[in-house]
Amino acid sequence: MSNQLAPAQPINASHPFNKNNADVILRSSDHVDFRVYSQILMAASPVFEDMFRVPQPPADEQHQKDGLPIVELSEDSAAIESVLRLSYPILKPVLRRSVLDVEKLERALRAAMKYEMELATSLLIRDLYSLASFSPLSAFGLACRLHLEDAARVAADHLRAQFGGEVDDAFLSSNQAEQSNVLRDVTAGQYFRLQQYLRGPLRIGFSLISPRPKADTDPHRTHTRRDPPTLNLEDIAPTDIVCVSSDGFEIQAHSIVLSATSPVLRTKISDVTSRSARLGPVPEGRLREDGLPFPVLQLDVSGWTLLFLLSRCYPSLQSGVPLPQDCDLRELLDLIVTAERLDIQGPLPELRQRWSTAASNDPLQAYFLAINAGDRACAKAAARSSLRIPIKGAYVLEMESSPALAYHRLLSYWATCGRIAASRLRELLASLTTTSCGSAATIGDGRTAFQDSEDGENGDHPSYSGKVRKKKERLPESSYPSWLQKHITELNMTFEGSPEPSRLHPGLAGELIENSISYEARHSWCSQCRPIAQDISQTSKQLQAVAEEIRRVEITV
């Protein structure tokens, strides 16, 4: 067993980093020893030059091997060998596309930049440019992680060339961003600026990697600290535990109530109760009525959040501490995340309802706040609300601290819903144009809409009072179904900006039309108007079907 825990024995690197006449050993993080010449390192790297110029301790106090000092590095052997080969006076390796490993390239380039190896850095950036020619999104991600603006632009130019004029739709449908590690550690802000770059034109001083400096602070990023209201739980019954918030607010509560409400609090209370029984002298004011010390439960929440959640543990308090009407997205999210973490289920339905309402006012900010907090349900609710607004070109500061993949998935979700709406509405529009507006349309009993009617019982409007019409009548060519076609066309154009499914709900008017053409109410429409009503009713049903199809689309978070 002890042999398994022993540190791995270092092995020697391959030629030319195994020379016996080397004067220093570089040891990698995976225990590979590189025997190198300090003079070459000093010439290649100012960092190593400064290191070797510092007076060294006596030889018997140094970490040595075979009489050579050992310099332990944090990089792995592949990265160290790469930068050494590029710095040594030997043939430089030529990386072919088939063997270009993005992760190895990144580790080597990161090491070269860390040790300020100018030659190695320039040669590795050349390899990065080569990577951009056939895997531009991978190159863009690497450039962002290493803050290489020029390389990021080269990668973006290759992306633009790859997708041509249809950048947005083709880029999203290509699914490159979902590939493993492509957008690792790239922010949503950087991905947003990539989209801007691809669409162009750009303002002077535009940067793909860094956001534009702002002179003022975003008002959404700060909010007034709420002071906890007064809540005396001792009036209910003698308390037996003290809950303390992260900002020092204290409230005495009842352990049996908290334990019954939350399994998480039950475990914490059990732990602090057993510890408090072993405490020594208790400060004044920390004794319960039975003379025993109050267990102190420390919770990593603000005082106001603590008071709100604890109050909802008491059924006798009815609604507990009221939720302020001006509660912003951050406060709501903090309450939701804390309630979930402490497994206090009672207030969650109200909090989630308030979140959905607040998120509809600023869905993009709500989405990224939820993503950063790790709350998938809140993020999905905000994503659904984002269908109400055009999100292309929309920006919030929270994107700078959010992962690019979350933004890509939001764009993909939005685009998928938009494609569904556009496709189904085009199909609906085509079905309306297949019947000429001057042609006779067949109605339920096999006759045509413009067939002679004998009396009101055959479908004429009751206002005709049984008068016989011998002459066929047609609606004006411009009246039907052109107005319905126009409505669907305008609806389709609206969905290009925001594919919100609620826009497709026909509401009370659609229900009234549906009821009016039922068998019982067939005399409500004359023979000419009934097919129009039937078309409107059918269109309403199809629009509802489109809305339901959009609602079934899931976003991955």
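This is a short walk through the salt bridges and nonpolar cores of the structure above. The model is a predicted one, so please read everything below as computed from that prediction.

Let us begin with the charged side chains. The count of salt bridges comes to 23, and a few of them make good stopping points. One joins the side chains of Asp 66 and Arg 35, with 2.4 Å from N to O. The two partners come from distant parts of the chain, 31 residues apart: Arg 35 belongs to strand E3 (residues 32-36), while Asp 66 sits in the loop between strand E4 (64-65) and strand E5 (68-72). Their surroundings are worth a look too. Asp 66 has a relative accessibility of 59%, so it counts as exposed. Arg 35, at 8%, counts as buried.

The next stop is helix H5 (residues 102-114), which holds both Arg 110 and Glu 106. The side chains of Arg 110 and Glu 106 form a salt bridge of 2.9 Å, N to O. These residues are four apart, which is about one turn of the helix. Glu 106 has a relative accessible area of 4% and is therefore buried, whereas Arg 110, at 40%, is partly exposed. This pair also has further company: Glu 106 and Arg 110 belong to a network of salt bridges that links them with Arg 145, Arg 184 and Asp 185.

Further along the chain, Glu 549 and Arg 424 meet through their side chains in a salt bridge, again with 2.9 Å from N to O. Because Glu 549 lies in helix H21 (residues 529-551) and Arg 424 in helix H18 (residues 404-433), the pair ties together parts that are 125 residues apart in sequence. Arg 424 has a relative accessibility of 28%, so it counts as partly exposed.

Now we can turn to the nonpolar side chains. In soluble globular proteins, such side chains tend to be buried together. Here the largest nonpolar core has 122 residues, and Trp 355 and Tyr 367 are the ones with the most contacts inside it. Helix H18 gives the most to this core, contributing 10 residues.

What does Tyr 367 touch, leaving aside residues up to four places away in sequence? Its contacts are Ala 379, Ala 382, Ala 383, Ala 406, Leu 410, Ile 555 and Val 557. Apart from the largest core lies another one, made of six residues. Among them are Leu 425, Leu 428, Leu 432 and Ile 488.

Note on methods. Residues numbered from 1 in each chain as written. Predicted model: local features only at pLDDT ≥ 70, side-chain atom pairs only at ≥ 80, totals over all residues. Heavy atoms only, no water. Salt bridge = Lys/Arg side-chain N within 4 Å of Asp/Glu carboxyl O. Helix = DSSP H or I, 4+ residues; strand = E, 2+ residues; numbered from the N terminus. Buried < 20%, exposed > 50% of the residue type's maximum accessible area, 1.4 Å probe, protein only. Core = buried A, V, L, I, M, F, W, Y, C linked by side-chain atoms within 4.5 Å. Contact = heavy atoms within 4.5 Å.
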